[in-house]
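I open these notes with a plain aim: to look up how helices pack, which spans are annotated, and where aromatic rings pair.

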Amino acid sequence: MNVRDARDDIGSSASPALSSRMPSESRPSEPRPAGQAGVQSPAAGPRERRRAAPAVAARARAIAVRLVLPAVSIGILLLVWYLGTRYRVEFYVRFKNVPTPMDVLREATNVVGTNAYAVNVLNSLRRILVGFVVALVFGVGLGLLIGRYGAVRRLFMPGLEVLRPIPAIAWVPMSIMLWPTTESSIAFITFIGAFYPILLNTVDGVESLDGVLLRAGRCLGASEARLFWYVILPGVMPNIFTGLAVGMGVAWVSLIAAEMISGQYGVGYYTWEAYSLVNYPAIVLGMITIGALGLLCSGAIRLIGRALMPWLAYAKGARK
C-alpha cells in the first residue's frame with residue numbers, strides 16, 4: 001500500500017466525524033417528509049377537525065342521554081300523579097284524597113324558605129350524619145377484622161346475627177330507655193339502620209378478595225398493617241361503598257320512623273304533624289323533601305367513591 005492510498009483511507013474514515021461536527025448551516029439540506037415539514041399542509045387542519053367531529057358528537061350524545069333519561073323517569077312519575085289526581089282514579093288505588101301537583105307546589109312556595117322548614121331539614125341532616133359516620137367507623141373497622149381473622153368472626157358474628165333481624169323501628173322504645181336524650185336515641189336508631197349493610201358488605205369484600213394479592217404482598221415483605229392499608233383496603237373499597245349506599249338508604253328510613261315516633265323536629269316529625277293536622281299537601285311535600293335529601297346523600301357517596309377509586313372507570317363489568 002503506497003502513501004497516497006493510506007492518506008485516502010484516513011480521509012474517508014475521518015469524514016463522518018468531521019461531518020458530524022459541521023455546523024448545520026454548512027450541511028446540505030435534506031428533503032423532509034411532508035408530515036414532518038415545519039409548515040403544515042393546508043389540508044391538515046380540516047382533516048383533524050373531521051376526525052374530532054365524531055368524538056365530539058358521541059360525547060354530546062352521551063351527555064344528552066344522561067340528562068334526558070332521568071328527566072323522562074321523573075316526568076313519568078309526575079304524569080301519573082297528575083292524571084290520577086286530575087281524574088280522581090279509584091281503581092284499587094284511590095287518588096280521591098291525594099293533593100294535586102299544583103297544591104303541593106303552592107304549599108312548597110309558602111313553606112320552603114321559612115325558618116321552621118330550615119330547622120326541620122337541618123336537624124334531620126345533623127342526625128343522619130352523626131349516626132351514619134358512627135356506623136361507617138364501626139361497620140368498616142369491625143368488618144375488616146371479622147373478614148380477616150377467623151377468631152374475631154367466631155367471637156362477634158353470633159351476637160350480631162341475633163340482633164340483625166330486629167328492625168330499627170323496634171329499637172325505638174328500647175333506645176328511649178337506654179339513652180338520656182331524644183337526640184342520642186334518634187342517632188342510635190339511625191346508626192342501627194346503617195350499621196349492618198356496611199358491616200356485611202365489608203366482610204363479604206374481605207372474604208372474596210383474591211388470595212394472590214395477599215400472597216404477593218407477603219412475598220414483597222409487607223407487614224400485616226401494610227397489607228391492610230395497601231392491599232386489603234383498596235381491594236375491599238368497592239364493597240365498602242356499596243354498603244355505604246345501601247346503609248344510607250336504610251338510615252333515612254330509620255331516621256324518619258324515629259322522628260315520627262319520638263322526634264320534636266325533623267322532616268319525619270314535619271310529615272307526621274301534617275298528617276295529624278290533615279294537611280295533605282304538606283304530607284307530600286315532606287315525602288318529596290325526604291326523597292331529595294336521600295338522593296343528595298347517595299349522590300355524594302357515589303362522587304366520593306369515584307374520587308377514591310378512579311380505576312373503576314375502566315372496569316365497567318357487564319354494563320353497556
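**Helix packing**

I looked first at α4 and α7 and found that the two run roughly parallel to each other, in what is a predicted model. I then checked the geometry behind this: the axes of α4 (residues 115–148) and α7 (residues 182–207) come within 6 Å and cross at roughly 30°, and angles under 35 degrees count as roughly parallel. Sorting the contact of α4 with α7 by class, I get 20 nonpolar, six polar and five charged residues. I also noted the handedness, in which α4 passes α7 in a right-handed crossing.

**Annotated spans**

I looked up the UniProt entry, which is unreviewed, and it lists residues 63–84, 128–150, 186–206, 227–258 and 278–301 as "transmembrane region". I compared two of these with the model: residues 63–84 are 100% helix and 0% strand, with end C-alpha atoms 32 Å apart, while residues 278–301 are 92% helix and 0% strand, with end C-alpha atoms 36 Å apart.

**Aromatic rings**

I counted nine aromatic pairs. For one of them, Trp272 and Tyr275, I find ring centres 5.4 Å apart and planes at 35°, so I log the pair as tilted. Both residues belong to helix α10 (residues 267–276), where, being three residues apart, Trp272 and Tyr275 are separated by about one helical turn. I asked whether Trp272 is buried or exposed; with a relative accessible area of 42%, Trp272 is partly exposed. I last traced a cluster in which ring pairs link Phe138, Trp171, Trp179, Phe188, Phe191, Phe195 and Tyr196.

Definitions and conventions:
Residues are numbered from 1 along each chain as its sequence is written. This is a predicted model: local features need pLDDT of at least 70, side-chain atom pairs count only at pLDDT 80 or more; totals for chains, interfaces and linings use all residues. Side-chain values use heavy atoms; hydrogens and water are left out. UniProt positions are given in the numbering used here, feature names are shortened, and annotations may be inferred rather than shown by experiment. Helices (H or I, at least four residues) and strands (E, at least two) are DSSP runs, numbered from the N terminus. Axes are lines fitted to C-alpha atoms, for helices over the stretch in contact, and angles run from 0 to 180 degrees between N-to-C directions. Angles under 35 degrees count as roughly parallel, over 145 as roughly antiparallel, 65 to 115 as roughly perpendicular and the rest as oblique. A crossing is left-handed if the near helix is turned anticlockwise from the far one by less than a right angle, and right-handed if clockwise. Ala, Val, Leu, Ile, Met, Phe, Trp, Tyr, Cys and Pro count as nonpolar, Asp, Glu, Lys and Arg as charged, and the others, Gly among them, as polar. Rings of Phe, Tyr and Trp (its six-membered ring) pair if their centres lie within 6.5 Å; planes under 30 degrees apart count as stacked, over 60 as edge-to-face and the rest as tilted. Buried means under 20% relative accessible area, exposed over 50%, partly exposed in between (1.4 Å probe, protein chains only).
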